[in-house]
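Me: Please take one part of this model and go through it closely. I would like the C-terminal part, with its core and its links to the rest of the chain.

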Amino acid sequence: MSEQTQQPGRSEPRRVVVAGAGMAGVQTAAALREQGFTGTVTVIGAEPHQPYDRPPLSKAVLLGKAEGSAFDVDFEELGIELRLGCEVLGLRPDDHELDTESGAVPYDVLVIATGAEPVRLPGAEGVPGVHLLRTLDDAERLRPVLARQHDIVVVGAGWIGAEFATAAREAGCAVTVVEAEERPLVEALPAEVAAPMTAWYAEAGVVLRTHARVERVEPGVVVLDDGSRLPAGAVVVGIGARPATAWLAGSGIGLGERGEVVADRHLMTSVPDVYAVGDCASFPSGRYGERLLVHHWDNALQGPRTVAVNILGVASGRAPAVYDPVPYFWSEQFGRFVQYAGHHADADRTVWRGDPSGTAWSVCWLRESRLVALLAVGRPRDLAQGRRLIEAGTVMDAEVLADPAGPLKSATA
């Protein structure tokens, strides 16, 4: 995709409209104000709730330890208009208008931040007791299910499946996790790294069934393709998410093979005056030499700053900012705090720090002796130091790196 050309000397846009009221959308609006934008900022969200943070949904909100997770943002003070409970329906770039349930909304600059939506289990829609866990309403529907301590079947042994299973066990539920692949986290981690995590399920009292495909869901029962029938007072589906971009059909916005908005390194789309950020957009990483689609909280936090700089930069004639982060995410599961930074796909060496059968260990990925990714289990200092070393492209001494007793930064060559 060719990059959009920003034209120095253009006047500052008067109206910025943000489609999406999640982390990426809210942070974009806030960043515009923080950087001095004085025009109109409108954030449009499909849900009726005050904009909220998602990570607590699978933890505190789900277990009834918190009623919600609204962002600590004073929208009125910042002069940000919220239009909630309003779904976006389409985009007409030639008219500079966004179509919504409440009518057309004109814009000078549009930011697409509609996030991702969960993949649904085929054949399970409309079956009583089948749940997703993506929204505040989802968490509130599941809270009484956990309180009643039902037998629960979780479909999918990815990050969200493990987090929900953790919460369900804490609530006293009997939990079975079924995974179609041969192990958890098939798409996220190499087999030798995910292998130690498999044991966490049994340690927590969770039954993990791999090579287990769901044939159908009946009220109170999950039927697997081998004929097994699993009792299920509730079924929670966590088999992935896809960019929420179907509404862009016919708009001329370029989409990738995964359905995401294809943004350039400035987070501009293929259409002038339209940016995309967060879970719904991929971007080219010069650091890793490939296009990345990152469905994690930190990406939705960091990307908006680049978008805001570039929106304001049009008027000032500044060179546009480039978005090339070190991806980062975390997960709390089965009593462990798991953190990951970087992108390990083209690493040529793996170095372990510590015993993976223990409670604290790390895995480092190197490419040409430079640290490119790190997974830390119960070793937050490794993660903090490693993230900085990845950003700097630091050459590492692999033998020193393998000693878990020494600080990770001491392994610089």
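Reply: What follows starts at the C-terminal part and then works outward.

The model is predicted. UniProt, in an unreviewed entry, annotates residues 328-411 as "domain: Reductase C-terminal". Over that range the chain is 20% helix and 39% strand. The end C-alpha atoms of the range are 21 Å apart.

Take the helix first. α7 covers residues 380-392, which makes 13 residues. At 1.5 Å a residue it should span 18 Å, and its end C-alpha atoms are 19 Å apart, so the two values agree. Its buried residues are Asp382, Leu383, Gln385, Gly386, Leu389 and Ile390. What covers these residues? The cover includes five strands: β22 (328-333), β23 (336-342), β24 (349-353), β25 (361-367) and β26 (370-377). Just after α7 comes Gly393, with a positive phi of about 65°.

Now the loops. Two residues other than glycine also take a positive phi here. Phe334 has a phi near 50°. It sits in the loop between β22 and β23. Ser369 has a phi of about 70°. Its place is the loop between β25 and β26. Are these two buried or exposed? Phe334 has a relative accessible area of 8%, so it counts as buried. Ser369 has 36%, so it counts as partly exposed.

Next, the core. The largest nonpolar core has 95 residues. The members that touch the most others are Ile152, Phe164, Leu189, Trp365 and Leu375. Strand β26 gives the most to this core, with 7 residues. In general, nonpolar side chains tend to be buried together in soluble globular proteins.

Leu375 deserves a closer look. Leave aside its neighbours within four places in sequence. Leu375 is then in contact with Leu189, Val193 and Met197, among others. Its contacts also include Val338, Gln339 and Tyr340. Trp361, Ser362, Val363 and Trp365 are in contact with Leu375 as well. Apart from the largest core lies another one, of 20 residues. Among its members are Cys86, Ile253, Val261 and Cys280.

The aromatic rings add a further link. The whole structure holds 8 aromatic pairs. Ring pairs join Trp159, Phe329, Tyr340 and Trp365 into a cluster. Two of these names recur above: Tyr340 is a contact of Leu375, and Trp365 is one of the core members that touch the most others.

Trp159 leads to another helix. α4 covers residues 159-170 and has 12 residues. Its expected span at 1.5 Å a residue is 16 Å, and the end C-alpha atoms are 17 Å apart, which agrees. How many of its residues are buried? The count is 9 of 12, so α4 is mostly covered. Trp159, of the ring cluster, is among the buried ones. So is Phe164, which is also among the core members with the most partners. The other buried residues of α4 are Gly161, Ala162, Glu163, Ala165, Thr166, Ala167 and Ala168. Gly172 follows α4 and has a positive phi, near 95°.

That leaves the rest of the chain, for context. In an unreviewed entry, UniProt annotates residues 15-300 as "domain: FAD/NAD(P)-binding". This range is 20% helix and 30% strand. Its end C-alpha atoms are 22 Å apart.

Strand β7 (residues 109-112) lies in this range. Both of its faces are covered. Val109 and Val111 are buried on one side, and Leu110 and Ile112 on the other. In a regular strand, side chains alternate between the two faces of the sheet. β7 pairs with β1 (residues 15-19) through 4 bridges, and the two run parallel. Ala19 stands opposite Ile112 there. β7 also runs parallel to β19 (residues 274-276), with 3 bridges. In β19, Ile112 has Ala276 as its bridge partner.

A 3-stranded open sheet completes the picture. Its order is β18-β20-β21, with mixed pairing. β18 (261-262) and β21 (290-293) stand at the edges, each with a single partner strand, so one side of each has no neighbour in the sheet. β20 (residues 281-285) and β21 run antiparallel, joined by 4 bridges. Ser285 has Glu290 of β21 as its bridge partner.

Conventions:
Residues numbered from 1 in each chain as written. Predicted model: local features only at pLDDT ≥ 70, side-chain atom pairs only at ≥ 80, totals over all residues. Heavy atoms only, no water. Expected span 1.5 Å × (residues − 1). Buried < 20%, exposed > 50% of the residue type's maximum accessible area, 1.4 Å probe, protein only. Contact = heavy atoms within 4.5 Å. UniProt positions renumbered as here; feature names shortened; annotations may be inferred. Phe/Tyr/Trp six-rings, centres within 6.5 Å; stacked < 30°, edge-to-face > 60°. Pairing = 2+ DSSP bridges. Core = buried A, V, L, I, M, F, W, Y, C linked by side-chain atoms within 4.5 Å.
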